[in-house]
Structures are given as structure tokens and as C-alpha cells.
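Trainee: Got a minute to go through a model with me? I'd like to ask my way around it.

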Amino acid sequence: MKYINFLMLMLLGVDAWAGGAFGHGNQLILATYWGDDAIALIDINGESGKEEIWRIDTLKAAGCPKPYDIRSNPKGDEAYVSCSGADLVVVVDIPAQQVKYTVKTGSSPRDLVVFDEGRKLIVANSGNDTVSVIDLVSQKKSYDFPISNQPYGVAVSANGVDAAITGWASGDLHFVRLEKDRARYIGKVDVGLLPYTVVTPGDGSIAYVATNASHAVVAVDTKSTKLLKTIKVGRNPWSLAASPDGNSLLVTNNRSNNLSLLKTGATISAAEPNQVTISAGAQTHDDGEETKRAPKNASISANSKIGAFTDLANNQIVIVDLPANKITKVINTGKAPYGIEFIR
Amino acid sequence: MKINTSLLFALFGAVTYASPFSAEVARLPYAKGYFGESLPGLPIADIAAFERGSLLFVKRWDAAGGNPQNASSCVSCHSAPMPGGGGMSSQALVKVSSTNQIIQKNNRIEAKPHTSGETRRTPPLFGIGLLEFATQRKTDGIARPIFGALANVDSLRDFVVKAFSEELGIYSISECAKRNKRESSIYCIPQINENEIDDVTSYLRFTAAPPRSKLATDHAGRSTFIDIGCADCHTPTISLTSNAPPPLKGISAEAFTDLKVHNVGEGVKVRTTPLWGLKSYGPPYWHDASAKTIKDAVLKHNGEAVESKLKSLSLSDQEFSSLLGFLENL
């Protein structure tokens, strides 16, 4: 099967990896199947039922149980996976569908971000209150630094230096400056209950945090570390993704069966951000019963027009036409799809 | 009066959830979507208490006067795969003395010498309200204690009070009243009131059981699980008493526990762990987090369970694999 998939990749134009993923960031998705100890590469334009190009289900054997978050490098040929059931980040060769190497982190790593033009990786280690910075060139960890309590989400500004990290259990957002061999702690601000994902889009002047149990997205001025505003969204937002054009955020409201599309960017200082609610829909089963979707994580395509989110209730990835605010495709996945990212 | 819009949303959700479905669906105690939902079919008042309790569960508590604490919130340890779940890291391990005294990691004012203790990983709490009202708890009509690391706490509410005081260093009004009667104790300042304790209890009581896989009933490994004796202690079904609150009253569920305490080797006694949702709570597995895989946990069974373990070792590779497949799909 693996060879058939490989042939399929060849037919699709695997040589495109030399200069970026085919589809130019609008077609291929990486996802983690937390409940299956697997990751997958998905072509959202693939034939219905055959969207999965490959699945690596040997992560557990590589010491990576419970893969949580996943990111790719700018070139689109490497994926980085946090192993929340262990203390590792696994680096995967995407075209070869193989684990290239692993890097030891702190315990139970969660969100991760590639920065410094693909040369570095940062990962929040929820299990031992640390954050690891990894040098992807030397393939080694540069350093750890402490963040309490239970760091889950992490973001690095475009300058590659300023980082924001959520304290899941302590309800705060921490700011640090990433230096060559250490991190300098700047400060923190209370943001609400169970802050999870954080993003610092555009120039990084504002950090947006999804606060799960406060049912809100919080905007924080990264320079002053002061809270700018609290935007009520649906129930239990788990994550948010920033559009590459800097004009919107896609928020996954886990318990209200919908998404919030927040207008940001240039409009943020002029007025309250516009908010559009998009239904996450439901899956109808053979017996006629419906299960409403429970969105977990989200990603937005390079052209900022396609949204995708993982659904924990039905084990699906759902594709959303953002300008039209509607679901366009549903893709069945492995168990408990958590992490998701469009390959750029 | 400040209106809590989230709560209104939840109440509205409860009404729309409760009304259109059949009674049969509403009575299933499993999460319909994912871990951490409230029980389907809850009365509105209980939904409100569940929501209030859930916020207290995730709140960061700053213990007064340097009270000893292992964590600053319930969710610090009960977090995987969702709030209310178990602990997947070493931070979520506790030491428990033989008298069921939680041994604080950061002993300060009330430091007591403990020469020995058992390590216990934080258990998931989803569906604990079903265990509370299980008829299997009863011996001669009296409910046995099943709560706490050593299964010697009688009620879910007492367990909540104990967890707040011993794990978080947060004392309730009644707990402080007891402590302040003791001559030598430091003056106790209550930080949580009795209504809030009730709300946290409601949150736990009305959290749905883990979502149920269709494979759990049809899997070929189920018969192996029964044949080799696993089901002698991990008995599949619990039935709930008629005095349980709705929607728990009189229903049955597959929790895979007899709720009894057994010796599982080297004198360690543990209450049979419910196996529902097992794979989502680890690694690590086993009561002391010493098993990296479910297979390791199976092979760690000794004491009263040694016979079943030996039978599992005599299974063919295919049968053993099927057994593991069944356990992974509960």
C-alpha cells in the first residue's frame, strides 16, 4: 500500500517538494491521530474516501505515543510531531514517510511552532512545566526554560525572538525573549480559565489566546503585556488559527458545535472585530442518529480562504470555505484527530 | 444582577438537547461526542450546577497562609484527555500513606514525617457519578467506600472535600470548623463554601462516562477477556440503584469494574480500575504509572489476578493481540 501511495505522490508531482509543497499551501494537510498513535498526510482535493495519501502508524514503536500537535517546515518536506505520551518530538521526512530522528524534550509536549525560517522549533512541555527550544539545523535541543503551570500553547512572533506561552492550569499568558542559549522571562498576564492555543499573527504586536473555560478569545498587547480586550465566542474554544493574510482568526468552539471567524488585522483598532459563527454541522450515522461535531484544532490555508478543523466527536477533518462560511468537505480520519496544519 | 451568558447558553443547550431525542438515547450515560460532556438528559438545575462546578474545577486556587498543596487546581492533574480526566505525567503522581493521607510534595507548615507510601497516578473522573450509585457497591445493603486512592472514602462529596484540602490546601467551612476545634492546629481559614463543594460534586457526579466505541461490544477480544478471567474483577456491567438522581436512576453501563479492592501483587491493594476509555488515559498505565503500554499493564497483574495473567500468557499471538485490541477500544 505504501508503494501505491508513493506512486500516487509521484503522479501528483512529488518534485514540487523541491520548492514547496504542491497545492501551494492550499491542498495538503498534516494531522495527528492522537487515539491511534498515528499521523497522516491528507489531500483535501482527493477523491472522496481516498484523501489520505499516507498514514504513519508506527509512531508508537518510535517512542511517540499520543502524537499531539504537528507542524511542517517552510519547504514542506519535514514534519514535527509532539509526543504527548512521552517526552519527544519526532521529525518526519514527508516524502519518504519515515521518522528521520527524534529530539528529547520535557514531559508530555503539546503545541509546537517552527520559527527562524525553519531553523528552530519551540515546544511547550505540559508535563514538567518547561518549554524546549530545538535547533533543527544541528538536530539538537538548544535549551529548556521553566513556565508554570502546564504550558500548552506557544507562539513566536515574526521577529523570531518574542514568544508567548499559555499556562493552561494557571490561566495566564507568559512572555519571553528567546536568546541563543537561554530565554529571558519578560512577564505574564492573567487571561482566563484554561488558555490553550496562542497566536501572534502579522507583526506580533497582539497575541490572541483561546480561553477554553472562559468561552472567549483574549487579545493581549505583547509589548506592554496588558490585556486589550476579551471577545466572547462559542462554548469552550480549544484553539484558534490565524489566516496568513492577517485578517482573520478561526476559533474552534468545542462544546457549541460551531466555529467563530473573527475579523482582525487592520480592523482591530477601528471597531469591535466582526464575528461570524459557522456551524460545525453533524454526522448522520447509518441508524439515523446524529452526532454533533466537536471541533478541536484548526488551520487556515496559505491563500487564507480555506479553513480546516479536526472533529473529536466523529473522527473527521472538516474543510470550510471561509468567504462563504460553509462546510465543503468532510474527511474521515483515525481516532481522536488533534493536530492539523496546511503544509505551506 | 449579572447574567452569566455562558450559563444561559448551556441551559439553552440542555433544553434543546433534552427534548427532541428518544428516551432511550437520553438514558445512555456515555458522552455523545467526546470526553468531559455532561450526562445527556440532565435536569436544568443539575446542568447549572455542573457548569458552576466545572469552573471551580479548572480555577486556580491560591492556598491561604501557605497551606501545603500538591497543585493549584483540580485540572492541574485531572487533565487528560480533557478536564476531568487523568494525569499523564509525573506531575500527576501522588504519594499516599497507609492511612490515606495524601503526602504533599511541597510540605510546609503541616509537614509530617512519612516513612513510606504508595505512588498513585491521578485517575480519570469521567463517569464517577455512575460508580457512586452502582448497586455493586453494596454489601448487605450497605454501600462500601470506593473513593480516594485507597478506596476508603464513603461519599463523592467527602472525596471532593478531601481532595480540596489535601491536594489543593483549600479548606471548606465545615473542614475548618473541625480543624479549628483541634487544640494545636493552626487557625484554619475557609476558602470554599459548602455550596461550591456541592457544585464540584455535581460536576463530577454528572460528567458523562467516556464515549463508547461500537467495537467495545462486538470485538472478538471480548470473549477472550471473559474466558481468561479478566471479567471476574473487571466485571463489564454496573447497574445503578433506584435512588440515584435522574438520569442515572436504574440504568446500566459498562464500566468494567467490580468496585472491590483486590491484591494485585506485592501486597498492593487497589480498587479495580474501571476500564472504560482506558487507552485515552495513558501512557503511562497501571495504578502507579509504572506500565508504558496496556500490554505491560496486563502483565503486571499478580496477587489475586495472577491466574488470569498466566492464562493470558498462554494465548496465541492472535488471541493476545485481539485481547489488547478489545482493551484499546473500551
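Mentor: Sure, and remember as we go that this is a predicted model. Let's start with a pair of strands: β13 (residues 162-167) and β14 (residues 172-178) of chain A pair over six bridges, in the antiparallel sense.

Trainee: Which residue of β14(A) is the bridge partner of A:Ala164?

Mentor: The strand to look along is β14(A), since that's where the partner of A:Ala164 sits. The two strands, β13 and β14 of chain A, run antiparallel. Across from A:Ala164, the bridge partner is A:Phe175.

Trainee: Those strands belong to an open sheet, so which strands of it stand at the edges?

Mentor: Four strands of chain A make up that open sheet, in the order β12-β13-β14-β15, with antiparallel pairing. An edge strand has a single partner, so one of its sides is left without a neighbour in the sheet. In chain A that describes β12 (151-156) and β15 (183-190).

Trainee: By how many degrees are neighbouring strands of this sheet turned against each other on average?

Mentor: Take the open sheet β12-β13-β14-β15 of chain A again. Ignoring direction, its neighbouring strands are turned against each other by an average of 20°.

Trainee: There's another open sheet in chain A, in the order β8-β9-β10-β11. Which are its edge strands?

Mentor: Here too four strands are paired in the antiparallel sense, in the order β8-β9-β10-β11 of chain A. Look for strands that pair on one side only. Those are β8 (109-115) and β11 (140-146) of chain A.

Trainee: What is the bridge partner of A:Val133 in β11(A)?

Mentor: Strand β10 (residues 130-135) of chain A pairs with β11(A) over six bridges, antiparallel. Follow A:Val133 across to β11(A) and you land on its bridge partner, A:Tyr143.

Trainee: How many residues of strand β4 in chain A are buried?

Mentor: Strand β4 (residues 67-72) of chain A is mostly covered. A residue counts as buried once 20 or more other C-beta atoms lie within 10 Å of its own. For β4(A), the count is six of its six residues.

Trainee: And which residue in the turn between β4(A) and β5(A) has a positive phi?

Mentor: Strand β5 (residues 78-83) of chain A runs antiparallel to β4(A), and four bridges join the two. One of the bridges sets A:Pro67 opposite A:Cys83 in β5(A). The two strands form a hairpin with five residues between them, and the turn residue with a positive phi, about 85°, is A:Gly76.

Trainee: Stepping back, what radius of gyration does chain A have?

Mentor: Its C-alpha trace spans about 55 × 45 × 35 Å along the principal axes, and the chain is built from one helix and 30 strands. With 344 residues, a compact globule would come out near 20 Å. Chain A agrees with that, at 19 Å.

Trainee: What share of the residues of chain B count as buried?

Mentor: Chain B is put together from 13 helices and nine strands. In chain A, 54% of the 344 residues count as buried. Of the 330 residues of chain B, the share is 48%.

Trainee: How do α3(B) and α7(B) sit, roughly parallel or roughly perpendicular to each other?

Mentor: Helix α3 (residues 44-58) and helix α7 (residues 194-205) of chain B pack with their axes 7 Å apart, at an angle of about 100°. Angles of 65 to 115 degrees count as roughly perpendicular. So α3(B) and α7(B) are roughly perpendicular.

Trainee: Which residues of α7(B) make the contact?

Mentor: By class, the contact of the two helices has six nonpolar, three polar and four charged residues. On the α3(B) side, those taking part include B:Phe50 and B:Phe57. From α7(B) come B:Glu196, B:Asp199, B:Val200, B:Ser202 and B:Tyr203.

Trainee: Is B:Lys300 buried or partly exposed?

Mentor: B:Lys300 lies in the loop between α11 (294-299) and α12 (306-313) of chain B. Beyond its neighbours within four places in sequence, B:Lys300 is in contact with B:Trp286, B:Ser290 and B:Ala291. There are 17 other C-beta atoms within 10 Å, so B:Lys300 is partly exposed.

Trainee: Last one: how many residues does chain B bring to the contact with chain A?

Mentor: On the chain A side there are eight nonpolar, 14 polar and three charged residues. Chain A puts in 25 residues, and chain B brings 24 residues.

Technical notes: Residues numbered from 1 in each chain as written. Chains lettered and ligands numbered in written order. Predicted model: local features only at pLDDT ≥ 70, side-chain atom pairs only at ≥ 80, totals over all residues. Axes fitted to C-alpha atoms, helices over the stretch in contact; angles between N-to-C directions. Parallel < 35°, antiparallel > 145°, perpendicular 65-115°, else oblique. Contact = placed C-beta atoms within 7 Å. Nonpolar A, V, L, I, M, F, W, Y, C, P; charged D, E, K, R; others polar. Buried ≥ 20, exposed ≤ 12 C-beta atoms within 10 Å, placed from the backbone. Pairing = 2+ DSSP bridges. Rg over C-alpha atoms; globule rule 2.2 N^0.38 Å.
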